[in-house]
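Here are my notes on the model you asked me to read through. I have set them out as numbered points, so that you can follow each one in the structure as you go.

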Amino acid sequence: MEKYIYELEMKVRDYECDLQGIVNNANYQHYLEHTRHEFLLSTGVSFAKLHEQGVDPVVARINMAFKTPLKSGDEFISKLYMKKEGIKYVFYQDIFRKSDDKVAIKAVVETVCVVNGRLSDSELFDKIFEPYLTANH
């Protein structure tokens, strides 16, 4: 069983849906990214302030498996947990429809850190994420 370390509730907006009346696949990436940014804020770190300091966490690879479509007005819970693999931080993110707890999407997002324009390990992230990584071992 996954050990989620962060949850964020959201709601589908009309303009996020396509002609079939379901959330367009690209919008799930927005949900996933927003969840990661809010998680970072919950640790006391601002994504924007990191950039000002020359530290840019970036997505290197993303794999999404679509399970149950979300529709306009659906409330959902975006959950994540993470692991470190080499210099990558890997976020395991799942979105659940709130009304019936059905999985809408399962995603694996691999991120790396670019410091002053160079791919780098990040001592800052190692320190910030230590308690969350330890919880998954």
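**Notes on the predicted model**

1. Begin with a lysine and a ring: Lys79 lies over the face of Phe96, at a distance of 4.8 Å from the ring centre. Please keep in mind throughout that this is a predicted model, and that every value below is computed from it. Lys79 is found in strand β3, and with a relative accessible area of 14% this lysine is buried, because the cut-off for that word is under 20%. If residues up to four places away in sequence are not counted, Lys79 touches Tyr4, Tyr6, Glu7, Tyr92, Gln93, Asp94 and Phe96.

2. A second lysine can be described in a similar way, since the charged end of Lys83 sits over the ring of Tyr92, 5.5 Å from the centre of that ring. Tyr92 also has a place in the strand pairing, for it is the bridge partner, in β4, of Tyr81.

3. It may help to step back to the whole chain, which has 3 helices and 6 strands. Read from the N terminus on, these elements follow the order β-α-α-β-β-β-β-β-α. The radius of gyration is 16 Å, which is close to the 14 Å that the globule rule gives for 137 residues, so the protein is as compact as a globular protein of that length. Along its principal axes, the C-alpha trace spans about 45 × 30 × 25 Å. Of the 137 residues, 39% count as buried, and among contacts between residues at least 6 apart in sequence, 67% join residues at least 24 apart.

4. Which strands does β4 pair with, and in what sense? On one hand, strand β3 (residues 75-85) is joined to β4 by 10 bridges, and the two run antiparallel. On the other, β4 pairs with strand β5 (residues 103-115) over 8 bridges, again in the antiparallel sense, and here Ile95 has Ile105 of β5 as its bridge partner.

5. The turns between these strands deserve a careful look as well. The hairpin of β3 and β4 has 2 residues between the strands, and in this hairpin Gly86 takes a positive phi near 65 degrees. The hairpin of β4 and β5 has 5 residues between the strands, and there Asp101 takes a positive phi near 60 degrees.

6. Why can strand β4 be called largely enclosed by the rest of the structure? The reason is that 9 of the 10 residues of β4 (residues 88-97) are buried, so the strand is largely enclosed by what surrounds it.

7. The aromatic side chains give another view of this strand, within a structure that holds 14 aromatic pairs. The ring centres of Tyr89 and Phe125 are 6.2 Å apart and their planes stand at 70 degrees, so the pair is edge-to-face, a term used for planes over 60 degrees apart. Because Tyr89 lies in strand β4 and Phe125 in helix α3 (residues 123-134), this pair ties together parts that are 36 residues apart in sequence. Tyr89 and Phe125 are both buried.

8. Phe91 and Phe129 form another edge-to-face pair, with 6.3 Å from centre to centre and 85 degrees between the planes. Phe91 belongs to strand β4 and Phe129 to helix α3, so here too the pair ties together parts of the chain, in this case 38 residues apart in sequence. Phe91 is buried, with a relative accessible area of 5%, and Phe129, at 4%, counts as buried too. Ring pairs link these residues into a cluster, whose members are Tyr6, Phe39, Tyr89, Phe91, Phe125, Phe129 and Tyr132.

9. Val23 is placed in the loop between β1 (6-11) and α1 (25-42), and at 5% relative accessibility this loop residue counts as buried. Leaving aside neighbours within four places in sequence, Val23 is in contact with Val12, Glu16, Cys17, Asp18, Tyr28, Tyr31 and Leu70. Val23 and Pro69 are 46 residues apart in sequence, yet their C-alpha atoms are 6.7 Å apart in space.

10. Finally, the cysteines: a search of the whole structure finds 0 disulfides. Cys17 is buried, with a relative accessible area of 19%, and Cys113 is also buried, with a relative accessible area of 3%.

Notes. Residues are numbered from 1 along each chain as its sequence is written. This is a predicted model: local features need pLDDT of at least 70, side-chain atom pairs count only at pLDDT 80 or more; totals for chains, interfaces and linings use all residues. Side-chain values use heavy atoms; hydrogens and water are left out. Buried means under 20% relative accessible area, exposed over 50%, partly exposed in between (1.4 Å probe, protein chains only). Helices (H or I, at least four residues) and strands (E, at least two) are DSSP runs, numbered from the N terminus. Two strands pair if DSSP finds at least two bridges between them. A disulfide is a pair of cysteine sulfur atoms within 2.5 Å. Rings of Phe, Tyr and Trp (its six-membered ring) pair if their centres lie within 6.5 Å; planes under 30 degrees apart count as stacked, over 60 as edge-to-face and the rest as tilted. A charge sits over a ring if NZ of Lys or CZ of Arg is within 6 Å of the ring centre and within 35 degrees of the ring normal. Contact means heavy atoms within 4.5 Å. The radius of gyration is taken over C-alpha atoms; the globule rule is 2.2 Å times the number of residues to the power 0.38.
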